[in-house]
Amino acid sequence: MTLAPQFPHVPASAGHYESFYFTAHHRSEPVAVWIRYTVHKRPGEASTASIWFTLFEPGGPTAVKVTTDDPRADAGQLLAVGGYGAVRADGADGAITSTGTGVDASWDVRFDPCAPELRHLPYGWMYRAGIPRTKSTSPYPSMRVSGSVTVAGRRLDLDGWRGMLGHNWGSEHAHRWIWLRGASFAEQPDAWLDVVIGRIKVGPFVTPWIANGALALNGAHGTDDTVRHRVGGFGHRVAVTERADGCDLVLPGREVSLTVHVTAPIAASVGWEYADPAGGRHQVRNCSAAAVRVAIRRRGVAQTRLVTAHGGVYELGSAEFDPSVLVQPYPDG
């Protein structure tokens, strides 16, 4: 499993970024949390670490971030961000306050994995090669999250909320990317979709969209027996139509072909700035309570559909900044 932190092994002269992140959403209400623990290192400089917190609710997201020069990892902690909190293989905790906005948040949660790791890249050597510059994996593509989250004195109890744990790292963010997740589908509650779609800049050229991920569906023996179907990859060209309130996708694969409609209004999304180690900037828009509709085509099987009203995640990252997205007042890097 590619869960081990990479930053302790990065040479002093190299640039590096890394994040461990998890999401969890309420069983029946459009409420979700998205929490990231990150390391950022410019070439030749010391590393910094941050915790990024967002609570998604019908009235809009509440966000806060803290940064320190004290990233740590040991046998029990994947990443500890100073004294503010840490993420582990079995859970996470944190307590942060923004001096600028006055927002405070704390949490203490436990992870109960429901599925083995999903490596988005199709070949192991791609995690060791220089290209792509971003390596992405979901150590727990499906898990239950229990514990509590407190925001501005208001406590939320997470009684087995559905979620996931992700891990990515590299020397540079993609020129443009979409991370799409779907879970808590009405038709198959244990099914999930996890796909990373990116465009990479090579010199003056930008590649077409490239997708890598999987759809897990109920197997022949009931909801506890899911079967994983890869989508995207080499030889499977994806189609992406971006909208102001989400996107439409066509994601072909060897065994299945998906048509996906995502609804994630800007007002329901949080905006952040991500920095590349070498100095580039990206605008990131994330809605972790998105609506996702999936039409599934399989050879010899009637078309099926999966729908979730708020169990999706839609993240759009771009080197171009959209002025309609309100970016949180926390610089990166």
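D159 is partly exposed at 49% relative accessibility, where buried means under 20% relative accessible area, exposed over 50%, and partly exposed in between (1.4 Å probe, protein chains only). This is a predicted model, in which local features need pLDDT of at least 70 and side-chain atom pairs count only at pLDDT 80 or more, while totals for chains, interfaces and linings use all residues. Residues are numbered from 1 along each chain as its sequence is written, and side-chain values use heavy atoms, with hydrogens and water left out. Welcome to a short tour that starts at the salt bridges and then turns to some strands, a surface patch and a loop residue.

**Salt bridges**

- The structure holds 15 salt bridges, each being a side-chain nitrogen of Lys or Arg within 4 Å of a carboxyl oxygen of Asp or Glu.
- One of them joins the side chains of R27 and D159, at 3.6 Å from N to O.
- R27 sits in the loop between strand 1 and strand 2 and D159 in strand 12 (residues 154-170), so this pair ties together parts that are 132 residues apart in sequence.
- Strands here are DSSP runs (E, at least two residues), as helices are (H or I, at least four), and both are numbered from the N terminus.
- R176 and E242 meet through their side chains in another salt bridge, at 2.7 Å from N to O.
- That pair links distant parts of the chain, with R176 in strand 13 (residues 176-182) and E242 in strand 19 (residues 239-243), 66 residues apart.
- R176 is buried, with a relative accessible area of 16%, whereas E242 is partly exposed at 32%.
- The side chain of R176 also meets that of E320 in a salt bridge, at 3.1 Å from N to O.
- Because R176 lies in strand 13 and E320 in the segment after strand 24 (301-318), this pair ties together parts that are 144 residues apart in sequence.
- E320 is partly exposed, with a relative accessible area of 43%.
- Elsewhere, R88, D90 and D93 are joined into one network by salt bridges that share partners.

**Strand 2 and its partners**

- All 10 of the 10 residues of strand 2 (residues 32-41) are buried, so the strand is largely enclosed by the rest of the structure.
- Both faces of strand 2 are covered, with A32, W34, R36, T38 and H40 buried on one side and V33, I35, Y37, V39 and K41 buried on the other.
- Strand 1 (residues 16-25) runs antiparallel to strand 2, and 10 bridges join the two; strands count as paired if DSSP finds at least two bridges between them.
- Within this pairing, E18 stands opposite V39 of strand 2.
- The connection from strand 1 to strand 2 is a hairpin through 6 residues.
- Strand 2 is also joined to strand 3 (residues 48-56), by 9 bridges and in antiparallel fashion.
- On that side, A32 has F56 of strand 3 as its bridge partner.
- The hairpin of strand 2 and strand 3 has 6 residues between the strands, and G44 in this hairpin takes a positive phi near 80°.

**S288, a buried serine**

- S288 belongs to strand 23 (residues 281-298), and it counts as buried at 2% relative accessibility.
- Its side chain makes a polar contact with the side chain of N286 at 2.7 Å. A polar contact is a pair of N or O atoms within 3.5 Å; within protein, one must be able to donate a hydrogen and the other to accept it, and residues adjacent in sequence count only if both atoms are side-chain atoms.
- Not counting residues up to four places away in sequence, S288 touches T23, A32, W34, F56, H310, G312 and V313, where contact means heavy atoms within 4.5 Å.
- A32 and F56, both touched by S288, are the bridge partners named above for strand 2 and strand 3.

**The loop between strand 10 and strand 11**

- W125 is found in the loop between strand 10 (118-119) and strand 11 (134-151), and W125 is partly exposed, with a relative accessible area of 46%.
- Y123, W125 and F234 make a nonpolar surface patch of about 380 Å². Patches are made of residues with over 30% relative accessible area and no salt bridge, with like charges joined within 9 Å and nonpolar side chains (Val, Leu, Ile, Met, Phe, Trp, Tyr) within 5 Å. Accessible areas come from the Shrake-Rupley method with a 1.4 Å probe, and for residues, only the protein chains shown count as cover.
- R133 has its place in the loop between strand 10 and strand 11 and is partly exposed, with a relative accessible area of 33%.
- Leaving aside neighbours within four places in sequence, R133 is in contact with W169, G170, S171, E172 and K201.
- The C-alpha atoms of R133 and G246 are separated by 26 Å, with the two residues 113 apart along the chain.
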